[in-house]
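Let's walk through this protein together, one question at a time. Keep the picture open while you read.

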Amino acid sequence: MRTETPLAAPPGTPPQTLPAREHVTVGRREPVLDVVIPVYNEETDLEPCVRRLHDHLVRTFPYPFRITIADNASTDRTPEVAARLDVQVPEVTAVRLEQKGRGRALRTVWSLSDAPVLAYMDVDLSTDLNALLPLVAPLISGHSDLAIGSRLSRGSRVVRGPKREFVSRAYNLILRGSLAARFSDAQCGFKAIRKDVAERLLPMVEDTGWFFDTEMLVLAERAGLRIHEVPVDWVDDPNSTVHIVRTATDDLKGVWRVGRALVTGGLPLDRLRRPFGDDPRDRELSGVPGGLPRQLVGFCVVGALSTLCYLLLYSLFRMGTGPQAANALALLLSTFGNTAANRRLTFGVRGRDRAVRHQAQGLVVFGIGLALTSGSLAALGAAAGAPSHGTELTVLIAANLAATVLRFLLFRAWVFPAETASEGAVAHRPASHDNH
């Protein structure tokens with residue numbers, strides 16, 4: 001049984017950022033890929049599955065590799081089988097952990113590994129191994145930061161029962177609705193990550209069980225890292241020992257915890273960001289102030305969602321009150337959410353510092369928007385007498401468009417000027433400085 005030592009960050013890498021992506025340096029002996037197989041009481045399936053994976057890698061993988069068996073405190077003969085494979089197969093290493101938890105096993109082994117690309121798969125090998133090379137290739141080339149197998153992609157072929165199919169799709173819908181996740185399959189046991197990303201990302205992941213994957217992906221996505229998805233062929237293991245109800249309950253608790261941390265700005269995601277020049281959206285554009293393109297995209301997305309919320313609230317309040325009161329209430333409530341979302345997503349302000357001040361300034365902007373929309377409703381009432389509800393909504397949309405342009409200018413120049421200035425300073429910083 002061997003123990004690896006973790007790699008240090010590349011020399012000169014700023015502690016708050018990741019190095020720019022590069023093609024993995026390939027040596028003749030050092031493993032490029034470390035595939036971790038977390039196991040608990042798998043004395044029957046462990047050896048045939050490991051040998052099958054080893055045979056596949058020998059035949060198809062063009063670089064040196066390692067297979068690491070991470071034993072999660074098994075109580076059967078699994079440790080003996082793992083130790084025997086460690087001795088008999090040069091590319092296999094066995095690691096024993098005295099505590100259960102798939103997330104704990106992955107964090108431990110990945111942190112100790114010296115391979116530049118880290119992966120894991122379930123011991124049952126439900127995923128067709130032909131997807132392994134497409135999974136890790138973008139990480140080796142430097143194209144992506146993480147890679148996941150997806151059973152829900154259009155090109156995937158999946159064989160499993162209706163119960164698991166429903167649970168998987170429902171869970172991913174919850175992630176999309178609550179955490180705005182854009183990846184398609186959080187639970188597939190077939191994932192990979194670059195070592196430099198894992199060094200910064202894993203300390204932020206709190207979960208030690210099945211929610212580990214989801215938390216890792218959500219944090220990576222929120223930090224702007226690139227996640228590559230591979231459609232897989234997947235056959236359900238009928239002998240799986242996963243307790244669906246307990247796992248689902250723990251996952252929902254994890255969704256609540258991560259969502260709360262993201263809303264309150266309690267996660268230092270800046271340390272996961274790539275340096276200037278790696279993301280083409282960060283490059284300086286002639287005649288465009290620094291940070292403006294990204295802020296415009298964020299502001300438009302937030303604006304579209306808050307406008308939809310505003311119109312729904314207006315329609316709801318309009319059932320019990322007049323147009324002016326309904327407009328004021330709907331605009332006030334949507335303004336709080338709009339300011340908070342733009343503060344976090346558009347201008348990148350995290351934590352509670354100056355949050356009250358920003359909301360107060362947002363209320364001033366709300367007053368201007370209220371004047372525009374109320375004035376438009378008053379003018380419509382004077383011109384049409386008793387306009388239809390559809391006409392009112394049309395006028396409000398037009399007035400809100402004008403108010404939105406003014407809101408963005410005020411947010412950028414008055415409410416969040418420090419954040420705008422700091423983005424401009426980063427955008428105009430010489431690229432060579434970031435790489436030293």
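Helices (H or I, at least four residues) and strands (E, at least two) are DSSP runs, numbered from the N terminus. This is a predicted model, where local features need pLDDT of at least 70 and side-chain atom pairs count only at pLDDT 80 or more, while totals for chains, interfaces and linings use all residues. Residues are numbered from 1 along each chain as its sequence is written, and side-chain values use heavy atoms, with hydrogens and water left out.

Q: How many helices and strands are there in the protein?
A: Just count the runs of each kind. The protein has 14 helices and nine strands.

Q: In what order do the seven strands of the open sheet sit?
A: Strands pair if DSSP finds at least two bridges between them. The pairing in this open sheet is mixed. Its edge strands, each pairing on one side only, are strand 3 (92-97) and strand 8 (227-231). Reading across, the order is 3-2-1-4-7-5-8.

Q: Which residue in strand 2 stands opposite D34?
A: Strand 1 (residues 33-39) and strand 2 (residues 65-72) pair in the parallel sense over seven bridges. Opposite D34, in strand 2, you'll find R66.

Q: What angle does helix 3 make with strand 1?
A: Angles run from 0 to 180 degrees between N-to-C directions, and axes are lines fitted to C-alpha atoms, for helices over the stretch in contact. Helix 3 (residues 102-112) lies across strand 1, strand 2, strand 3, strand 4 and strand 7 (190-194). Against strand 1, helix 3 runs at about 150°.

Q: How far apart are the axes of helix 10 and helix 11?
A: Helix 10 covers residues 323-346 and helix 11 covers residues 355-384. They pack at an angle of about 145°. Their axes are 9 Å apart.

Q: Why does C188 count as buried?
A: Buried means under 20% relative accessible area, exposed over 50%, and partly exposed in between (1.4 Å probe, protein chains only). C188 is buried because its relative accessible area is 0%.

Q: What relative accessibility does C49 have?
A: C49 is another cysteine that counts as buried. Its relative accessibility is 13%.

Q: How many disulfides does the structure hold?
A: A disulfide is a pair of cysteine sulfur atoms within 2.5 Å. By that cut-off, the number of disulfides in the structure is zero.

Q: What percentage of the residues of the protein count as buried?
A: The protein has 436 residues. The buried share of them is 47%.

Note on methods. Contact means heavy atoms within 4.5 Å.
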